[in-house]
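Me: I am new to this structure and would be grateful for a close look at a single part of it. Please describe one sheet and whatever lies across it.

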Amino acid sequence: MVSHTVGMWMYHNCGGDLIEQALIDGLRQRDIQVMNNLALQSAIARNGTILCRGVEMEFLDLYFSYNAGQQTQYQVYLYEMLNMSVPCINSFEAFSLSEDKFRTSHLLNRNGVTTADYQLCDRHDIDSVKAVLKEWGGQAIYKPTEGWGGKGIVKIESEAALEMLLPFLNSSNFRYFYLERFIDYDNTDFRVDVVNGEVVGCYGRQAPPNGWKTNITGGGSIILREPNDEVIRLAIRAARLTGLDIAGVDLIFDRERQQYIVLEVNGIPAFATPEQERIGLNFNTLKIEKIVNLIEQKIKGVSNEQTFAREVA
């Protein structure tokens, strides 16, 4: 029997250690061995080899990277290089795209998936920034093109507020920045988890009182909700267009235009924490199963039909 080995770097906080062990156990049942804790941020690359904790990474059958909070520029740089030799989940190309809000929104819009109206702005062309702010009724959201968890996002509610933001932009190294039209919505969203083109879970997040950010790190809270057919369709299409094997698609309902829009596509959507499972988020088992199937398909060439047959047997 041919032996297969997967390298893994998984977050350990908020129940991530339990998720990692479940993935390892599931893969071992498929005769796939796992070498975990392979964080590229501690790797050394020299003379044609990326060496991480004594493991020559190019000899792995696949690398599974699932840790948003501890990424470094060094780690991401090596991730790109490793993906030239080893299949990765998610691929570096898809991961890199999803990390960039402008590139993601532009791709989705070009392919018929509605997002918030947006504009990429040259930091020196403030006149066009003021013009688009006026066009959008005086309200916009400033977002760094990269980042997660709502970090660095600022609501601009007037030209005066924009003027207050300009010193920060001028003192930064940003060559450009990204604006979105502020959406009139009910301060809740949908987070739809997609694995290998299938929805494996959905929940919502609600902004705190007097707030507008739904991100948990920004004070939002988890709510239970079921996706309708339109939400499912948009989430699957967004994941497919970005090329993500595993995606968390955030959607909100634009009350002004009476339509669902894709707000962001996340390449490392968290599993439900033990606390969230206790209030009813129960998608972890299915998500783990689908990820194990996905890894097996990629390294063994097992077809979707074979996987499905085994699941229903």
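Reply: Contact, as used below for a helix that lies across strands, means heavy atoms within 4.5 Å. The model is predicted. In it, helix α7, residues 229–242, lies across β12, β13 (198–206), β15 and β16. The direction of helix α7 is at about 40° to β16.

These strands belong to an open sheet of five, in the order β14-β13-β12-β15-β16, and their pairing is antiparallel. At the edges are β14 (221–223) and β16 (259–266), each of which pairs on one side only. On average, neighbouring strands of this sheet are turned by 35° against each other, direction ignored.

Within the sheet, six bridges join strand β12 (residues 188–195) to strand β15 (residues 246–254), and the sense of this pairing is antiparallel. Opposite valine 195 stands isoleucine 246 in β15.

A further helix, α9 (residues 284–300), also has to be placed here. Helix α9 lies across β12, β13 and β15, and runs at about 35° to β12. Strands β12, β13 and β15 are thus named for helix α7 and again for helix α9. Strand β16, an edge strand of the sheet, is among the strands that helix α7 lies across.

To follow this part in the model, one may begin at the edge strand β14, pass through β13, β12 and β15 in the order of the sheet, and end at the other edge strand, β16. Helix α7, at residues 229–242, and helix α9, at residues 284–300, can then be located against those strands.

Methods
Residues numbered from 1 in each chain as written. Predicted model: local features only at pLDDT ≥ 70, side-chain atom pairs only at ≥ 80, totals over all residues. Heavy atoms only, no water. Pairing = 2+ DSSP bridges. Helix = DSSP H or I, 4+ residues; strand = E, 2+ residues; numbered from the N terminus. Axes fitted to C-alpha atoms, helices over the stretch in contact; angles between N-to-C directions.
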